[in-house]
Amino acid sequence: MDAAHVDDDLVNVLFTEQQIHEKVGELAAAIERDYEGRELLIVGILRGAVMVMADMARAFTRHVEMDWMAVSSYGSGTKSSGVVRILKDLDTDISGRDVVIVDEIIDTGLTLSWLTANLASRNPASVEICTLLRKPEALQMPVDVKYVGWDIPNEFVVGYGLDYRERYRNLRDIGTLAPHVYS
Ligand code: PRP
């Protein structure tokens, strides 16, 4: 569905399907340049990263391996608890591998900061992060991100994998959710 289908629920459209398509292509091209001549494994973080993984993998003009992890970001507490639990681990042994973690958003940074350390402990050749969106004002943990699509304001955004109560993930655009939806 596109923004017109959920028009009343959005304050604005931040990025259109076309803009997202172009940005994901740019990110893929940058990664492709940096990893020329090396095998590459991209790791998507379920569930939000499904769209960006699917589009990014297809934007590459080279072979790329894909694997997935699922984590519960915050245990039973609030976001700031920093508790991360692995619900689905990689199927791939990443020792000696070049890995790029792909996610759709970095908010507080807790998930990616923890995940990077976790993957780094498995003796990969390298681990880098690629995120489509980042909220600099919400950051609580320093995260070294090599590839960023856009920095955005600290607002509730949905679409292109980003949900509110499991809805809007299949929105083609990315938009700011209207407060009346979640208040
Ligand atoms: C989102 C996103 C990141 C995480 C970022 O996942 O995919 O993994 O939050 O937030 P942080 O920087 O504050 O840690 P979410 O927990 O919403 O799960 P989902 O991908 O299944 O929607």
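A polar contact is a pair of N or O atoms within 3.5 Å. Keep that cut-off in mind as we walk through this predicted model.

Start at the ligand. Arginine 169 brings a side-chain N or O atom to 2.9 Å from a ligand oxygen. That distance falls within 3.5 Å, so the pair fits the definition of a polar contact. Glutamate 104 does likewise: an N or O atom of its side chain lies 2.9 Å from an oxygen atom of the ligand. Aspartate 103 also takes part, with a polar side-chain atom 2.7 Å from a ligand oxygen. How much of the ligand does the protein bury? On its own, the ligand exposes 500 Å², and the protein buries 85% of that area.

Now look at what does the surrounding. Two elements each give two or more residues to the shell around the ligand: strand β5, residues 98-106, and helix α3, residues 110-120. The top contributor is β5, with four residues. In total, 17 residues surround the ligand. Asp103, Asp107, Thr108, Gly109 and Thr111 are the closest. What kinds of residue make up this shell? Seven are charged, five are polar and five are nonpolar.

Return to arginine 169. This residue sits in the loop between β8 and β9. Is arginine 169 buried or exposed? Its relative accessible area is 17%. Buried means under 20%, so arginine 169 counts as buried. Its neighbours can be listed. Leaving aside residues up to four places away in sequence, arginine 169 touches Arg47, Gly48, Met51, Gly159, Tyr160, Gly161, Leu162 and Asp163. With one of them, glycine 161, there is a polar link: the arginine 169 side chain reaches the backbone oxygen of glycine 161 at 2.9 Å.

The loop of arginine 169 leads us to a sheet. Strands β8 and β9 flank that loop, and both belong to an open sheet of three strands. The order is β1-β9-β8, and the pairing is antiparallel. Why do β1 and β8 each have one side without a neighbour in the sheet? Both β1 (10-15) and β8 (157-158) stand at the edges with a single partner strand, so one side of each is left free of a neighbour in the sheet.

Finish with the pairing of β1 and β9. Strand β9 covers residues 174-177, and four bridges join β1 to this strand. The two run antiparallel. For one such pair, find leucine 10: its bridge partner in β9 is leucine 177.

Methods. Residues numbered from 1 in each chain as written. Predicted model: local features only at pLDDT ≥ 70, side-chain atom pairs only at ≥ 80, totals over all residues. Heavy atoms only, no water. Near = heavy atom within 4 Å. Polar contact = N/O pair within 3.5 Å; in protein donor to acceptor, adjacent residues only side chain to side chain. Areas by Shrake-Rupley, 256 points an atom, 1.4 Å probe, with all protein chains shown as cover. Nonpolar A, V, L, I, M, F, W, Y, C, P; charged D, E, K, R; others polar. Pairing = 2+ DSSP bridges. Buried < 20%, exposed > 50% of the residue type's maximum accessible area, 1.4 Å probe, protein only. Contact = heavy atoms within 4.5 Å.
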